[in-house]
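User: Please take a close look at a single part of this model, one residue and what surrounds it, and then place that part in the wider picture of the two chains.

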Amino acid sequence: MNSNPNSEFQIPNSTLELLDFTLRLADDAVIMGHRLGEWCGHGPVLEQDIALTNTALDHLGRARSLYQYAADQVNRLPVDEKKKLFTSVAFQNLVSSGASVDEDDLACLRDCWDFRNVLLVEQPNNDWAYTIARSFFYDAFNYFFFTELVKSKNETLSSIAEKSLKEVTYHLRWSSEWVVRLGDGTDESHARILTAINDLWMYTGELFTMNETDKVMFQQGIAPDLDQIKTSWLASVRSVFSEATLTIPTGTWMQHGGKEGTHSEHLGYILADMQFMQRAYPEMEW
Amino acid sequence: MTVHSFQEHFDKLIDNEVTIEPKDWMPDDYRKTLIRQISQHAHSEVVGMLPEGNWITRAPSLRRKAVLLAKIQDEAGHGLYLYSAAETLGVSRDDLYDQLHSGKAKYSSIFNYPTLTWADMGAIGWLVDGAAIMNQVPLCRTSYGPYARAMVRVCKEESFHQRQGFEIMLTLSNGTEVQKKMAQDSFNRWWWPSLMMFGPPDADSPHTAQSVRWRIKRLTNDELRQKFIDVTVEQAKVLGLDMPDKDIKWNEERGHYDFGAINWDEFYNVVKGNGPCNKQRLETRKKAWEEGKWVRDAAMAHAEKRKTRMNKAAQAA
């Protein structure tokens, strides 16, 4: 896209908020897919290795649709505005060259502070219990979130939500069943899932905080009210925990920052892996 | 029937190309040979997930990442069908794992080589899966029914893998100088180990004659190797890559490519455990299995609890 310094074109704020929102959903999906992909070849039993890879593929597929949509939004902006979006030198160089941006540029040329995923999804796999607890919290959120997002006034997001809902319905069933199996399995599995739930609980609050982007998206009828989602999510967690003989952690202090680009230490390592090829061998077709 | 007449009946089925099914009588050695071959194949699929799994987190694009994940998932699926086929011969998956983990059972030696660059994802698909297909297509007509049927599905997917590997190589060879270099380097490293995948020369292959007689094997190691070389040389030309063997030369008289000496010393050493990654691969598999024990135990314990509860509820009703 050619820049036009005299352009009268003004970006409505909502455009940037839509981009921020789209990227957050994409980043959540790509990081979760990355984490689940780390299990491939290392699962506790072959059938579950396959199930995890399947889920990783679903997340990755959703990430791609969302990044493509985000790239489309970015490419509509004048160069000067594009440059203001993300800080990394790699991204700045790309935009300055006049090249258009694609899904891989968004995934691989932004640094941590421009990633918008929630802290929950970047937490490490640790063991099967942590992986299950993390998936369960995220899957339950996705299920209620995408159920609402189907009704979005934004057609692209609505159609992505519709496709995703079929997938996340299955993901939630799978991770709920595992929470029950581990909670109501052996003493060891009960202890392990309990530890995982207690440790990850403080990362669940961020799923429901309404930041500026969320408020604008809600006002415009693009995204749902996260407060309502929280109520459904909590009811679902309670019900699964009760079957699993587990209780909701008592801690109420919640971590925040992912949605605004302040991440845990873990994200840097994920990006170092994920972005390595694009950084070492830039601007090539693969 | 006497053992003798069982044997005659079995031989007749084999000679008439009728498949042997799990409940049919079969000679002990036939059963043992099949268990060895099918489980080796299953182990190869599962261990084979590791060298490619290395690159899932580092794939150069999201599309490549998705294709790679799907491919490795297929391999896990192949492992499953093959373990199931082996189970029809009266051995359990857990026993087969024990044999793998103790080092008693082998898997394809190719997976003891490291994946060092992205191009290795291309070379593995193109050469390793290509060689695997050469080995496996004849197995779709192997004499043991469950194995033959599993192989039909495996071969369909393997041929897709081979094409996607070739496509990675093609993209690299049509790319920048650096990408071409990456492709050539990878070709150089994977070529010889791929030729070794067909096993030792016929003269030194202890099982070949009997396996051909039983129609477990349809073509000998050397026949398959030659077929693979003939096809691959032509494909390398399309990619514009140099053959890693300077002795490759078309032999008009034989109607085949001649090729240089294979380093069988290296092959036997890698089989023995001296390959660059033997220890690492096996340790990784063992670790996954051991660390998964509490998960499998929990699933079993929960299933038992459910069953007990349902029985109690049924009795109360």
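Analyst:
**A close look at S189(A)**

In this predicted model, S189(A) sits in helix α9 of chain A, which covers residues 187-200. The residue is buried, since its relative accessible area is 0%, and buried here stands for a value under 20%. When the neighbours within four places in sequence are set aside, the contacts of S189(A) are R181(A), L182(A), W294(B) and A298(B), so that the list holds residues of chain A and of chain B, a contact being heavy atoms within 4.5 Å. Along the chain, V179(A) is 10 residues away from S189(A), and the C-alpha atoms of these two are separated by 9.7 Å.

The chain that carries S189(A) has 12 helices and 0 strands, and its pattern, read along the sequence, is α-α-α-α-α-α-α-α-α-α-α-α. Of the 286 residues of chain A, 59% count as buried. The radius of gyration of chain A is 19 Å, which agrees with the value near 19 Å that a compact globule of 286 residues would have. Taken along the principal axes, the C-alpha atoms of chain A fill a box of roughly 70 × 40 × 30 Å. Among contacts in chain A with a separation of 6 or more, 79% are accounted for by residues 24 or more positions apart.

Chain B, which supplies W294(B) and A298(B) to the contacts of S189(A), comes to 13 helices and 2 strands. Its radius of gyration is 22 Å, close to the 20 Å that the globule rule gives for 317 residues, so chain B is as compact as a globular protein of that length. The C-alpha atoms of chain B fill a box of roughly 75 × 50 × 30 Å along the principal axes, and 55% of its 317 residues count as buried. Of the contacts in chain B between residues at least 6 apart in sequence, 77% join residues at least 24 apart.

As for the interior, the largest nonpolar core has 186 residues, and those with the most contacts inside it are Y67(A), W128(A), F137(A) and Y30(B). For Y30(B), again leaving aside neighbours within four places in sequence, the contacts are F10(B), I14(B), I20(B), S143(B), Y144(B), W214(B) and I216(B).

Open space can be described as well. The second largest pocket holds about 450 Å³ of space, and of the 21 residues that line it, D102(A), D104(A), D105(A), Q278(A) and M284(A) are the closest to its centre. The elements that give two or more residues to this lining are α4 (89-96), α5 (103-108) and α12 (266-280) of chain A, together with α4 (62-87) of chain B. By class, the lining has 6 nonpolar, 5 polar and 10 charged residues.

Two loop residues offer a contrast with the buried S189(A). N126(A), in the loop between α6 (119-122) and α7 (128-149) of chain A, is exposed, with a relative accessible area of 52%, and its phi is near 45°, a positive value in a residue other than glycine. E17(B), in the loop between α1 (3-15) and α2 (28-47) of chain B, is partly exposed at 43% relative accessible area, and E17(B) has a positive phi of about 60° although it is not a glycine.

Methods: Residues numbered from 1 in each chain as written. Chains lettered and ligands numbered in written order. Predicted model: local features only at pLDDT ≥ 70, side-chain atom pairs only at ≥ 80, totals over all residues. Heavy atoms only, no water. Core = buried A, V, L, I, M, F, W, Y, C linked by side-chain atoms within 4.5 Å. Buried < 20%, exposed > 50% of the residue type's maximum accessible area, 1.4 Å probe, protein only. 1 Å grid on protein atoms, 1.4 Å probe; cavity = no way out; pocket = protein on both sides within 12 Å on 5 of 7 lines; lining within 4 Å. Points joined across faces, edges and corners; volume = space filled by probe spheres on them. Helix = DSSP H or I, 4+ residues; strand = E, 2+ residues; numbered from the N terminus. Nonpolar A, V, L, I, M, F, W, Y, C, P; charged D, E, K, R; others polar. Rg over C-alpha atoms; globule rule 2.2 N^0.38 Å.
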